[in-house]
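Please look over the sequence and the structure shown below before reading on. The report that follows takes up a few local features in turn, and it may help to keep the view open alongside the text.

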Amino acid sequence: MDTTGTFEMAQVLSKHTLFTAIQKHYSLEEWKTFATSHPECLEHVAASSGSGAADLEKLSSILEAIPLIKYICLDVANGYSEHFVEFVKKVHEKFPNHTIMAGNVVTGEMVEELILSGADIIKVGIGPGSVCTTRIKTGVGYPQLSAVIECADSAHGLKGHILSDGGCSCPGDVAKAFGAGADFVMLGGMLAGHDQCAGDVIEKDGKKFKLFYGMSSDTAMKKYVGGVAEYRASEGRSVQVPYKGDVENTIRDILGGLRSTCTYVGAAKLKELSRRTTFIRVTQQSSQMFT
């Protein structure tokens, strides 16, 4: 996302060996500047791309100019198309030594299709994002925990991996995603509102905010393609997120929560979480007495 997938975010996340999918609207010159200034971050970032011819051309120019980048994120809202499958094959043929993340999908069959087409990590999630309105506008989606459980089973059978994209609102949700079988967890809303996010700080009624929006929202469409096409609807909302300061504090909170999760369930490593987890259905996650 262009507000959270920034070079500034990557500088902080990489210190913790966390990964950043860099938003696709940076120019080649901006990428070169980043690579020159922060070469230590390059092993922890992915160059993002859509699935059009112009997207592939731009992706190729970035990867050829900066050979230290070894990760590619092929990011579309709907991974259920022959066009996208063919695009994944084309990228894999062109960059056989790169690790490819591709999505988004929510079912085991499509996970298998994309892995067999050359993807290494499948992005899972349709509709769970904090600023996503796909389920409201289209009626299409899949409960995120169920999607992760099903897709992880399919991916691991083919020695592939999955990335749970969306639905986390607290460190406990991140732990549950790993417990359900995810190999990676992607965060947008939880990382929004920080100094490292793009956009200015907005002051309103004595409080500070930063703008956060979905990449299919009116805001993003107007910014990059001149507006929402008249034949389709916006599938994202724009919100003013309370200003949170340095993202370092949020990262430490998330990582601290994950470490505690592992001690509670007896997992020596993060990858053990899915073998130490039992899910039960509840009506309420936590006490609301003092909210």
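## A salt bridge within a helix

Glu248 is buried, since its relative accessible area is 16%. In this model, which is predicted, Glu248 takes part in a salt bridge with Arg252, and the closest N and O atoms of that pair are 3.0 Å apart. Both residues belong to helix α10, where Glu248 and Arg252 are 4 residues apart, about one turn of the helix. The partner contrasts with Glu248 in its accessibility, as Arg252 counts as exposed at 53% relative accessibility, whereas Glu248 counts as buried.

## Other salt bridges

How many salt bridges does the structure hold? The total is 5, and one of them joins the side chains of Lys123 and Asp75, with an N to O distance of 2.8 Å. This pair links distant parts of the chain, because Lys123 is in strand β5 while Asp75 is in strand β3, which covers residues 71-75, and the two are 48 residues apart. Lys123 is buried, with a relative accessibility of 1%, whereas Asp75 is partly exposed at 36%. The two residues also belong to a network of salt bridges in which Asp75, Lys123 and Asp165 are linked.

A further salt bridge is formed by Glu272 and Arg276, whose closest N and O atoms are 3.2 Å apart. Here Glu272 counts as buried at 14% relative accessibility, and Arg276 is partly exposed with a relative accessible area of 36%. As a general point, side chains of opposite charge can pair when their charged atoms come close.

## Positions listed as active site

Which residues does UniProt list for "active site"? The record, an unreviewed entry, gives Cys132 and Thr134 under that heading, and such an annotation may be inferred rather than shown by experiment. Cys132 is placed in the loop between β5 (121-124) and α6 (134-138), whereas Thr134 lies in helix α6.

Is Thr134 buried or exposed? Thr134 counts as buried, because its relative accessibility of 11% falls under the 20% cut-off. Cys132, by comparison, is partly exposed at 23% relative accessibility. When neighbours within four places in sequence are left aside, Cys132 is in contact with Gly127, Glu235 and Arg237. With residues up to four places away in sequence again not counted, Thr134 touches Ile126, Gly127, Gly139, Val140 and Glu235. Gly127 and Glu235 therefore appear among the contacts of Cys132 and also among those of Thr134.

## Backbone geometry

Most residues other than glycine have a negative phi, and most peptide bonds are trans. Against that background, the bond that joins Gly103 and Asn104 is a cis peptide bond, with omega at about 25 degrees. Asn104 has its place in strand β4, which covers residues 99-105.

Lys159 is a residue other than glycine with a positive phi, near 60 degrees, and it is found in the loop between α7 (144-157) and β6 (161-165). Lys159 is also exposed, because its relative accessible area of 75% is over the 50% cut-off.

## The hairpin of β8 and β9

In what sense do β8 and β9 pair? The two strands pair in the antiparallel sense over 4 bridges, and Val201 stands opposite Lys210 in β9. Between the strands of this hairpin there are 2 residues, and Asp205 takes a positive phi near 55 degrees in the hairpin. Asp205 has its place in the loop between β8 (201-204) and β9 (207-213), and it counts as exposed at 76% relative accessibility.

## A nonpolar surface patch

Leu145, Ile149 and Phe279 make a nonpolar patch of about 240 Å² on the surface. Phe279 is found in the segment after α10 (247-265), and it counts as partly exposed, because its relative accessibility is 35%.

Methods
Residues are numbered from 1 along each chain as its sequence is written. This is a predicted model: local features need pLDDT of at least 70, side-chain atom pairs count only at pLDDT 80 or more; totals for chains, interfaces and linings use all residues. Side-chain values use heavy atoms; hydrogens and water are left out. Buried means under 20% relative accessible area, exposed over 50%, partly exposed in between (1.4 Å probe, protein chains only). Two strands pair if DSSP finds at least two bridges between them. Patches are made of residues with over 30% relative accessible area and no salt bridge: like charges are joined within 9 Å, nonpolar side chains (Val, Leu, Ile, Met, Phe, Trp, Tyr) within 5 Å. Accessible areas come from the Shrake-Rupley method with a 1.4 Å probe; for residues, only the protein chains shown count as cover. A salt bridge is a side-chain nitrogen of Lys or Arg within 4 Å of a carboxyl oxygen of Asp or Glu. Contact means heavy atoms within 4.5 Å.
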